[in-house]
Amino acid sequence: MIEEKDEKPIKPPKRPLIYYAGIAALIIMLLNIFFFPSVLHRKVTEVPYNEFLDMIDAGKVDEVAYDAQASEIIFISGTEPRTAEIYSTGIWPDDGQRLLNQLRENPNIKFSSAIPTEKDPLFSFIISWILPIAFFFIIGELLNRMMMKKLKNGGFPGGNVMSFGKADAKVYVAAQTGKTFADVAGQDEAKEALAEVVDFLHDTKKYTEIGAKLPKGVLLVGPPGTGKTLLAKAVAGEAKVPFFSISGSEFVEMFVGMGAAKVRDLFKQANEKAPCIVFIDEIDAIGKKRDTSGMGGNDEREQTLNQLLAEMDGFDPSSGVVILAATNRPESLDAALLRPGRFDRRVPVELPDLGGREAILRVHAKNVKLAAGVDFGKIARMTAGASGAELANIINEAALRAVRMGRGEVLDSDLEESVEVVIAGYQRKNAVISNEEKRIVAYHEIGHALVAARQSNSAPVTKITIVPRTSGALGYTMQVDEGERSLMNSDEIKNKLATLTGGRAAEELVFGRATTGASNDIEQATKLARAMITRYGMSDEFGMVALETVNGRYLGGDTSLACSDETAAKIDSKVVDTVKAAHSKAISILTDNRQKLDELAEYLLEKETITGDEFMKILNS
Ligand code: ADP
Ligand code: MG
Ligand code: ZN
């Protein structure tokens with residue numbers, strides 16, 4: 001990330017305690033001067049002991065006192081008490097009696113018990129009471145500040161001891177996010193929608209004159225890594241206005257009421273800096289649906305959300321404050337947040353399509369030295385379903401690989417290998433796998449490939465490998481579609497199911513038994529077969545009835561069953577039937593092509609990695 005500038009919070013006129021302590025000290029000093037002036041007029045001068053003895057003899061000493069605690073003698077020389085000078089001196093050890101005799105010789109000397117010096121009661125009161133108290137206050141204050149830093153502005157609600165409840169909103173000034181729309185590839189629809197926001201911030205009058213109201217809030221929704229945060233930064237870069245950025249989780253505080261205070265503060269700052277953009281990343285952290293059961297609600301989050309709703313209603317959109325927010329769980333947001341007048345515009349930021357993937361690869365490859373003939377189109381085809389963040393990672397992995405290989409530029413093969421690294425992990429070069437296991441893996445992979453190739457409408461096989469990967473895969477078969485696919489028909493799904501079962505089918509056919517190697521295939525096949533019945537309406541029995549609902553579409557798409565127990569049992573048996581049918585289809589394809597299966601498996605065993613072309617050549621020979 002680029003430099004970010006911390007906005008100095010506007011300090012309320014709060015005075016530290018030391019200020020009051022200072023005032024108290026001043027008052028006491030003034031009292032001293034006007035009401036106890038004698039104190040100041042008396043100076044204590046230290047004299048050597050012998051000089052003191054001489055002064056006694058010379059009759060210059062009028063009054064003597066002994067301070068046992070300090071074991072020193074205090075004496076007055078000069079008769080007027082107010083102007084008399086006070087002296088002090090240490091006493092010579094064991095000289096007490098002799099000194100007493102000497103003093104008695106001079107009848108004018110008074111042995112008084114106490115001579116007021118400048119160590120008067122008031123002064124010692126300050127020393128012994130006020131100073132320690134002030135000292136503890138200062139220490140307390142310092143500790144308090146340290147705690148505040150630790151708690152990241154945590155504190156007690158409503159407390160005015162310090163500037164509790166300041167939002168740590170960071171201000172990105174236009175040039176400082178360093179991102180523009182040119183950095184965001186693909187996502188043209190999202191950019192278009194946001195360009196209007198940018199234009200609004202540039203030229204508010206154009207819109208208000210015609211009577212158009214611009215949206216107050218724009219919600220970016222989409223799967224992780226598709227560039228939502230990046231888009232928001234690009235908007236700030238394009239708009240050249242202050243950009244307040246805060247993450248939803250920063251609002252969630254230890255202490256009830258703090259989140260709400262932060263929201264208030266954020267909007268106060270934003271209103272002062274308008275026109276500006278407020279960006280709330282991961283808004284689902286505070287915007288979750290409020291609990292309707294009335295039990296065990298999360299007070300802190302609700303208060304924060306209520307404050308956010310109130311603030312969003314409270315400001316005038318023509319003031320030029322636009323709120324952007326991003327989330328990958330839009331379905332979990334409170335309905336009140338989404339109604340018109342709040343986040344009334346929703347901008348989907350979906351996974352990139354084929355063209356988008358190629359564009360993203362190109363953007364990230366801009367600063368990478370590429371060899372001639374690098375085919376981004378092919379890499380884009382290989383990476384169906386990858387997010388922008390994954391694509392950026394692929395480019396970087398390729399560059400790292402080129403350096404590891406001691407090359408000065410990135411080759412096509414680096415990119416291909418890094419796609420596989422991102423999909424399946426690194427190659428495990430020194431993994432020890434017995435020849436027997438290698439044979440099983442080779443047959444398994446050729447089983448997948450052969451079933452795929454012998455069905456129409458299957459994506460072509462592009463690569464088969466039995467080099468193990470760090471993800472735990474002992475081998476895999478890569479199929480890459482020619483173009484972009486958005487729909488799949490039921491035949492294609494059945495073909496895919498057969499392909500998924502092809503690996504296990506080959507093992508059974510050749511070795512007569514199953515291994516654990518097919519666990520991932522089984523999982524995928526089951527999911528797909530279940531989705532056919534419960535979500536795609538592709539079964540005769542249930543037709544177009546939704547039997548499952550998808551939760552978190554952008555986050556893996558977990559499903560939950562929405563049907564009776566009897567139906568669930570029927571679904572289960574239907575899923576079993578579907579997968580079994582696919583499996584028997586795979587068995588029959590492989591039985592029909594048994595000779596090719598052996599030939600290809602032997603070839604793969606020898607080469608370890610073969611291309612789709614090699615595979616097709618042997619298959620068609
Ligand atoms: P999100 O906020 O949607 O989870 P980010 O905006 O944080 O994702 O994206 C993470 C990274 O992925 C970005 O910093 C960028 O490098 C890359 N990226 C994602 N989408 C794109 C895109 N459309 N164009 C260019 N780079 C992208
Ligand atoms: Mg993000
Ligand atoms: Zn498999």
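Start by selecting aspartate 54 in this predicted model. At 49% relative accessibility, aspartate 54 counts as partly exposed, because exposed is reserved for residues over 50%. Colour by secondary structure and you'll see that aspartate 54 sits in helix H3.

Now add Glu51, Asp57 and Glu105 to the selection. Together with Asp54, these residues gather on the surface as a patch of negative charge. Which helix gives the most to the negative patch? That's helix H3, residues 49–57, which supplies 3 residues.

Next stop: the aromatic rings. A ring pair is described by how far apart the centres are and by the angle of the planes. The count here comes to 4 aromatic pairs, and two stops on this tour will show you examples.

Select phenylalanine 135 and phenylalanine 136 and show their side chains. Their rings form an edge-to-face pair, with 5.9 Å centre to centre and 70° between the planes. Buried or exposed, these two? Switch on the surface: phenylalanine 135 and phenylalanine 136 are both exposed.

Then jump to phenylalanine 243 and phenylalanine 279. This aromatic pair is stacked, at 6.0 Å centre to centre and 20° between the planes. Keep the surface on for a moment, since there's a contrast to look for: phenylalanine 243 and phenylalanine 279 are both buried, whereas phenylalanine 135 and phenylalanine 136 are exposed.

Finish by showing the strands around that stacked pair. Phenylalanine 243 belongs to strand S9 (residues 243–247) and phenylalanine 279 to strand S10 (residues 276–281), so the pair ties together parts that lie 36 residues apart in sequence.

How values were computed. Residues numbered from 1 in each chain as written. Chains lettered and ligands numbered in written order. Predicted model: local features only at pLDDT ≥ 70, side-chain atom pairs only at ≥ 80, totals over all residues. Heavy atoms only, no water. Patch = residues over 30% accessible without salt bridge, like charges linked within 9 Å, V, L, I, M, F, W, Y side chains within 5 Å. Areas by Shrake-Rupley, 256 points an atom, 1.4 Å probe, with all protein chains shown as cover. Salt bridge = Lys/Arg side-chain N within 4 Å of Asp/Glu carboxyl O. Lys, Arg positive; Asp, Glu negative; His and termini not counted. Charge placed at Lys NZ, Arg CZ, Asp CG, Glu CD. Helix = DSSP H or I, 4+ residues; strand = E, 2+ residues; numbered from the N terminus. Buried < 20%, exposed > 50% of the residue type's maximum accessible area, 1.4 Å probe, protein only. Phe/Tyr/Trp six-rings, centres within 6.5 Å; stacked < 30°, edge-to-face > 60°.
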